[in-house]
Amino acid sequence: VSYAPSLTWGAYIRPEVTSWLGVRLYYRQESIPVTVRRGGFEVPGYPLGDTDFHQPNLRLRSFGARVEPTWVVNPRLRLMGILGLAWLRHVAQEPSSSGDLHVQTASRAAVELNTMFGVGASFELLPDWVVLSASVTYGIATNRSGTAYEAPVQAFANGERLYLETLPRFRSVSDVLLSLGFIL
(Lines give C-alpha, C1' and ligand atoms only; values in the text may rest on other atoms or scores of the structure.)
Protein backbone atom coordinates (compact mmCIF):
# COMPACT_ATOMS: atom_id res chain seq x y z
CA VAL A 1 0.00 0.00 0.00
CA SER A 2 1.45 3.39 -0.95
CA TYR A 3 0.41 7.04 -0.96
CA ALA A 4 0.88 9.54 -3.81
CA PRO A 5 1.28 13.34 -3.83
CA SER A 6 -1.91 15.37 -3.79
CA LEU A 7 -3.25 18.89 -4.12
CA THR A 8 -4.50 20.76 -1.09
CA TRP A 9 -6.65 23.78 -0.36
CA GLY A 10 -7.20 25.78 2.78
CA ALA A 11 -7.03 29.13 4.50
CA TYR A 12 -4.51 30.90 6.70
CA ILE A 13 -3.91 34.07 8.65
CA ARG A 14 -0.40 35.45 9.21
CA PRO A 15 -0.12 38.23 11.74
CA GLU A 16 3.32 39.85 11.96
CA VAL A 17 4.58 40.06 15.53
CA THR A 18 7.40 42.31 14.28
CA SER A 19 8.73 43.03 10.78
CA TRP A 20 11.13 40.08 11.21
CA LEU A 21 8.72 37.54 12.76
CA GLY A 22 5.39 36.22 11.50
CA VAL A 23 3.04 33.55 12.87
CA ARG A 24 0.93 31.54 10.42
CA LEU A 25 -2.22 29.74 11.59
CA TYR A 26 -3.88 27.54 8.98
CA TYR A 27 -6.50 24.94 8.06
CA ARG A 28 -6.03 22.53 5.13
CA GLN A 29 -7.88 19.72 3.37
CA GLU A 30 -6.35 17.13 1.07
CA SER A 31 -7.44 14.08 -0.87
CA ILE A 32 -4.48 11.66 -0.96
CA PRO A 33 -4.44 8.91 -3.63
CA VAL A 34 -3.80 5.37 -2.34
CA THR A 35 -2.46 2.43 -4.36
CA VAL A 36 -3.02 -1.11 -3.11
CA ARG A 37 -1.03 -3.83 -4.85
CA ARG A 38 -2.33 -7.40 -4.78
CA GLY A 39 -1.69 -8.78 -1.30
CA GLY A 40 -1.32 -5.30 0.21
CA PHE A 41 -4.12 -5.90 2.73
CA GLU A 42 -3.36 -9.60 3.31
CA VAL A 43 -2.76 -10.75 6.90
CA PRO A 44 -0.88 -14.05 7.49
CA GLY A 45 -3.43 -16.82 8.06
CA TYR A 46 -6.21 -15.01 6.18
CA PRO A 47 -5.50 -15.46 2.44
CA LEU A 48 -7.33 -13.14 0.08
CA GLY A 49 -6.69 -15.21 -3.07
CA ASP A 50 -6.90 -13.28 -6.32
CA THR A 51 -8.71 -10.35 -4.74
CA ASP A 52 -7.82 -6.85 -5.92
CA PHE A 53 -8.63 -3.80 -3.80
CA HIS A 54 -9.38 -0.22 -4.69
CA GLN A 55 -8.89 2.14 -1.74
CA PRO A 56 -10.63 5.52 -2.16
CA ASN A 57 -8.45 8.57 -1.53
CA LEU A 58 -7.65 9.41 2.07
CA ARG A 59 -9.48 12.53 3.20
CA LEU A 60 -7.05 14.52 5.33
CA ARG A 61 -7.68 17.65 7.39
CA SER A 62 -5.08 19.55 9.35
CA PHE A 63 -4.81 22.52 11.68
CA GLY A 64 -1.38 24.03 12.23
CA ALA A 65 0.75 26.89 13.42
CA ARG A 66 4.11 28.03 12.07
CA VAL A 67 6.62 30.51 13.40
CA GLU A 68 8.30 32.27 10.48
CA PRO A 69 11.46 34.30 11.22
CA THR A 70 11.63 36.71 8.28
CA TRP A 71 14.32 38.62 6.43
CA VAL A 72 12.79 41.67 4.74
CA VAL A 73 14.91 41.90 1.57
CA ASN A 74 12.95 44.94 0.41
CA PRO A 75 9.45 46.23 1.16
CA ARG A 76 7.88 43.72 -1.28
CA LEU A 77 10.13 40.63 -0.93
CA ARG A 78 10.56 38.51 2.21
CA LEU A 79 12.49 35.29 2.86
CA MET A 80 11.41 33.07 5.77
CA GLY A 81 12.56 30.20 7.89
CA ILE A 82 9.75 27.90 9.07
CA LEU A 83 9.23 25.95 12.29
CA GLY A 84 5.77 24.55 12.92
CA LEU A 85 3.41 22.00 14.43
CA ALA A 86 0.23 20.58 12.85
CA TRP A 87 -2.52 18.20 13.96
CA LEU A 88 -3.69 15.91 11.14
CA ARG A 89 -6.70 13.61 10.89
CA HIS A 90 -7.36 11.34 7.97
CA VAL A 91 -10.22 9.03 7.08
CA ALA A 92 -9.88 6.01 4.79
CA GLN A 93 -13.26 4.97 3.45
CA GLU A 94 -14.10 1.29 3.05
CA PRO A 95 -12.09 -0.26 0.19
CA SER A 96 -13.89 -2.01 -2.65
CA SER A 97 -12.80 -5.44 -3.87
CA SER A 98 -12.97 -7.54 -6.99
CA GLY A 99 -11.75 -11.03 -7.80
CA ASP A 100 -12.21 -14.17 -5.66
CA LEU A 101 -13.82 -12.44 -2.68
CA HIS A 102 -16.23 -9.55 -2.24
CA VAL A 103 -14.95 -8.06 1.00
CA GLN A 104 -16.95 -5.78 3.29
CA THR A 105 -15.28 -3.86 6.08
CA ALA A 106 -15.44 -0.50 7.83
CA SER A 107 -13.90 2.91 7.27
CA ARG A 108 -10.75 3.66 9.24
CA ALA A 109 -9.38 6.89 10.68
CA ALA A 110 -6.21 8.14 12.37
CA VAL A 111 -4.70 11.25 13.92
CA GLU A 112 -1.10 12.37 14.30
CA LEU A 113 1.15 15.34 14.94
CA ASN A 114 3.52 16.76 12.34
CA THR A 115 6.56 18.77 13.47
CA MET A 116 7.89 20.68 10.46
CA PHE A 117 10.75 22.89 9.38
CA GLY A 118 11.54 24.55 6.07
CA VAL A 119 11.99 27.75 4.08
CA GLY A 120 9.73 30.11 2.18
CA ALA A 121 9.47 33.38 0.32
CA SER A 122 6.74 35.93 -0.31
CA PHE A 123 6.36 38.72 -2.83
CA GLU A 124 3.74 41.46 -2.82
CA LEU A 125 2.21 41.40 -6.30
CA LEU A 126 0.21 44.53 -5.50
CA PRO A 127 1.96 46.50 -2.73
CA ASP A 128 0.06 46.37 0.58
CA TRP A 129 -2.77 44.40 -1.08
CA VAL A 130 -1.95 40.97 -2.67
CA VAL A 131 0.93 38.63 -1.75
CA LEU A 132 2.17 35.46 -3.46
CA SER A 133 4.00 32.97 -1.21
CA ALA A 134 5.90 29.74 -1.76
CA SER A 135 7.27 27.37 0.87
CA VAL A 136 8.94 23.99 1.14
CA THR A 137 8.71 22.06 4.42
CA TYR A 138 9.65 18.65 5.74
CA GLY A 139 7.75 17.21 8.69
CA ILE A 140 8.21 14.31 11.05
CA ALA A 141 4.99 12.46 11.92
CA THR A 142 4.58 11.45 15.60
CA ASN A 143 1.89 10.52 18.14
CA ARG A 144 -0.05 8.39 15.65
CA SER A 145 -3.21 6.67 16.76
CA GLY A 146 -6.52 5.43 15.38
CA THR A 147 -8.18 2.49 13.65
CA ALA A 148 -6.14 3.01 10.45
CA TYR A 149 -2.98 2.05 12.38
CA GLU A 150 -4.26 -0.38 14.98
CA ALA A 151 -4.52 -4.17 14.76
CA PRO A 152 -5.88 -5.57 11.48
CA VAL A 153 -9.48 -4.55 10.79
CA GLN A 154 -12.23 -7.19 10.76
CA ALA A 155 -13.87 -7.85 7.40
CA PHE A 156 -16.40 -10.26 5.94
CA ALA A 157 -16.37 -12.12 2.62
CA ASN A 158 -18.86 -14.76 1.49
CA GLY A 159 -20.20 -15.09 5.05
CA GLU A 160 -16.78 -15.71 6.59
CA ARG A 161 -14.78 -13.44 8.88
CA LEU A 162 -11.28 -12.44 7.87
CA TYR A 163 -8.93 -9.55 8.54
CA LEU A 164 -7.33 -6.82 6.45
CA GLU A 165 -3.90 -5.40 7.23
CA THR A 166 -3.55 -1.86 8.62
CA LEU A 167 -2.70 1.12 6.45
CA PRO A 168 0.96 2.17 6.41
CA ARG A 169 1.93 5.00 8.73
CA PHE A 170 3.12 8.31 7.34
CA ARG A 171 6.85 8.39 8.10
CA SER A 172 7.23 11.99 7.06
CA VAL A 173 5.20 14.75 5.49
CA SER A 174 6.74 16.93 2.77
CA ASP A 175 4.95 20.00 1.46
CA VAL A 176 5.55 22.31 -1.46
CA LEU A 177 2.96 25.07 -1.11
CA LEU A 178 2.05 28.01 -3.29
CA SER A 179 -0.44 30.47 -1.78
CA LEU A 180 -2.13 33.70 -2.66
CA GLY A 181 -3.06 36.07 0.16
CA PHE A 182 -4.75 39.39 0.73
CA ILE A 183 -3.09 41.88 3.07
CA LEU A 184 -5.56 43.38 5.50
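Visitor: Leaving aside neighbours within four places in sequence, which residues is L164 in contact with?

Guide: Welcome, and keep in mind that this is a predicted model. L164 belongs to the largest nonpolar core, where L164, V103 and L162 touch the most other members. Setting aside neighbours within four places in sequence, the contacts of L164 are F41, V43, L48, F53, P95, V103, T105, R108, P152, V153 and A155.

Visitor: Which elements each supply at least two residues of that largest nonpolar core?

Guide: The core has 26 residues. L162, one of those that touch the most other members, lies in strand β14. The elements that each supply at least two residues are β4, β7, β8, β11, β13 and β14.

Visitor: Is L162 buried or exposed?

Guide: Begin with its surroundings: not counting neighbours within four places in sequence, L162 is in contact with Y46, L48, L101, V103, V153, Q154, A155 and A157. The relative accessible area of L162 is 7%. A residue counts as buried under 20%. L162 is therefore buried.

Visitor: How far apart are the C-alpha atoms of L162 and G118?

Guide: Along the chain, L162 and G118 are 44 residues apart. In space, the separation of their C-alpha atoms is 43 Å.

Visitor: In the open sheet of three strands, which strands stand at the edges, and why is one side of each left without a neighbour?

Guide: The three strands follow the order β10-β13-β14, with antiparallel pairing. Residues 103–104 make up β10 and residues 160–164 make up β14, and each has a single partner strand, so one side of each has no neighbour in the sheet. The edge strands are β10 and β14.

Visitor: Which residue in β13 is the bridge partner of Q104?

Guide: β10 and β13 run antiparallel and are joined by two bridges. β13 covers residues 153–157. The bridge partner of Q104 there is F156.

Visitor: How many bridges join β7 to β8?

Guide: A hairpin leads from β7 to β8 through two residues. Across this antiparallel pair, T70 stands opposite M80 in β8. The number of bridges joining β7 to β8 is 13.

Visitor: And over how many bridges do β8 and β11 pair?

Guide: Here too the strands pair in the antiparallel sense. You can find one facing pair at L85, which stands opposite T115 in β11. The number of bridges between β8 and β11 is 16.

Visitor: Which element gives the most to the lining of the largest pocket?

Guide: The largest pocket has a volume of about 1000 Å³. Of its 42 lining residues, the closest to the centre are R28, E30, S174, D175 and L177. Several elements give two or more residues to the lining, among them β1, β2, β4 and β15. The one that gives the most, with eight residues, is β15.

Visitor: How do the lining residues of the largest pocket divide into nonpolar, polar and charged?

Guide: For two residues named at its centre, the classes are easy to apply: Arg and Glu count as charged, and R28 and E30 are among the closest to that centre. Over the lining, the division is 23 nonpolar, 12 polar and seven charged.

Visitor: Which residues lie nearest the centre of the second largest pocket?

Guide: This pocket holds about 500 Å³ of space, and its lining divides into nine nonpolar, three polar and six charged residues. β15 again gives the most to the lining, here with three residues. Of the 18 lining residues, those nearest the centre are Y12, R14, V131, F182 and I183.

Visitor: What is the relative accessible area of T137?

Guide: T137 lies in strand β12. Not counting residues up to four places away in sequence, T137 touches R66, I82, M116, F117, G118, V173, S174 and D175. T137 is buried, and its relative accessible area is 5%.

Visitor: Where does D128 lie, and is D128 buried or exposed?

Guide: Most residues other than glycine have a negative phi. D128 has a positive phi of about 60° although it is not a glycine. D128 sits in the loop between β11 and β12. At 60% relative accessibility, D128 is exposed.

Visitor: What is the phi of N143?

Guide: N143 lies in strand β12. N143 is exposed, with a relative accessible area of 55%. Although N143 is not a glycine, its phi is positive, at about 50°.

Methods
Residues are numbered from 1 along each chain as its sequence is written. This is a predicted model: local features need pLDDT of at least 70, side-chain atom pairs count only at pLDDT 80 or more; totals for chains, interfaces and linings use all residues. Side-chain values use heavy atoms; hydrogens and water are left out. Two strands pair if DSSP finds at least two bridges between them. Helices (H or I, at least four residues) and strands (E, at least two) are DSSP runs, numbered from the N terminus. On a 1 Å grid over the protein atoms alone, a cavity is a set of points where a 1.4 Å probe fits but cannot get out, and a pocket is an open set with protein on both sides within 12 Å along at least five of seven lines; lining residues have an atom within 4 Å of a point. Grid points are joined across faces, edges and corners, and a volume is the space filled by probe spheres set on the points. A nonpolar core is a set of buried Ala, Val, Leu, Ile, Met, Phe, Trp, Tyr and Cys residues joined through side-chain atoms within 4.5 Å. Buried means under 20% relative accessible area, exposed over 50%, partly exposed in between (1.4 Å probe, protein chains only). Contact means heavy atoms within 4.5 Å.
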